[in-house]
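Hello,

Here is the structure I promised to pass along. Have a look at it first, and then read on for what turned up.

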Amino acid sequence: LSVSAGLDHLLARADWRDRVDTGRIGAFGISQGGETVALLAGAGLTYELWSLDAKRVTLDSRVRAGVGYIPYFGLDSLPAFGRDQEGARGLTMPFFALSGTDDSIAPQGMVRKAIDKMAGPRGHVLLHGQGHDLDPPSQSDIVTWSLGFLDAWINGNSASKSKLTQVMSVEGGLDDRRELYVDPTGS
């Protein structure tokens, strides 16, 4: 909610509103910031501990695509988006996640379970040996994958979309591997 309020504030200011292309707004979040990106897309947040029911808390259609780096999507005992990550079902905003294989705080399996429920363009890259932190060796991987995905879906760059279907890993950084990329739009 605060991200949407911040965007409202930015767009209400005369010195910024004419400088922001509201048709090309993307989001990037680390850890719970990655969860925030999914919530901006309308994911249902777990609100009931016993039943693990989820409900939508926001939907900001101004955000056209998002990337989560080591996104916190919960744990097996308390998923972020309801039982079996059902609160992510049907999300159509393009979403891309980069997960660390050694991350016990934001486990890759929870991220993948949510991504598999999404309906829009989506991808998942595993960074082998990465934990729940920001290490200098992972920076080139994060920047390359994130900017490529956002260029594809914010700018509509067909060359970037094509690369996402072809590239399995990027040069430099950690041992990274694209585990999933789905474009149901076929564009």
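Two strands count as paired if DSSP finds at least two bridges between them. By that rule strand 1 (25-30) and strand 4 (residues 63-69) belong together: six bridges join them, and the two run parallel. Within this pair, Gly29 stands opposite Gly68 of strand 4.

Please keep in mind that this is a predicted model. The mean pLDDT of the protein is 94, and 99% of the residues reach 70 or more. Confidence is highest in helix 4, at 98, and lowest in helix 2 (residues 14-17), where the mean is 88.

Now to the sheet. It is open and built from five strands, in the order 1-4-7-8-9, with mixed pairing. Strand 1 and strand 9 are the edge strands, each pairing on one side only. From one strand to the next, the twist averages 15°.

Helix 4 is worth a look too. This helix lies across strand 7, strand 8 and strand 9, and runs at about 170° to strand 8. Which of its residues are buried? In helix 4 (residues 108-117), they are Met110, Val111, Ala114, Ile115 and Lys117. Seen down the helix axis, these buried residues fall within an arc of 160°, so they line one face of helix 4. What covers them includes strand 7 (95-100), strand 8 (122-128) and strand 9 (175-182), as well as strand 5 (74-75) and strand 6 (78-79).

Happy to go through any of this with you.

Best wishes

Methods. Residues numbered from 1 in each chain as written. Predicted model: local features only at pLDDT ≥ 70, side-chain atom pairs only at ≥ 80, totals over all residues. Heavy atoms only, no water. Buried < 20%, exposed > 50% of the residue type's maximum accessible area, 1.4 Å probe, protein only. Helix = DSSP H or I, 4+ residues; strand = E, 2+ residues; numbered from the N terminus. Arc of directions from axis to C-beta. Contact = heavy atoms within 4.5 Å. pLDDT = per-residue confidence, 0-100. Axes fitted to C-alpha atoms, helices over the stretch in contact; angles between N-to-C directions.
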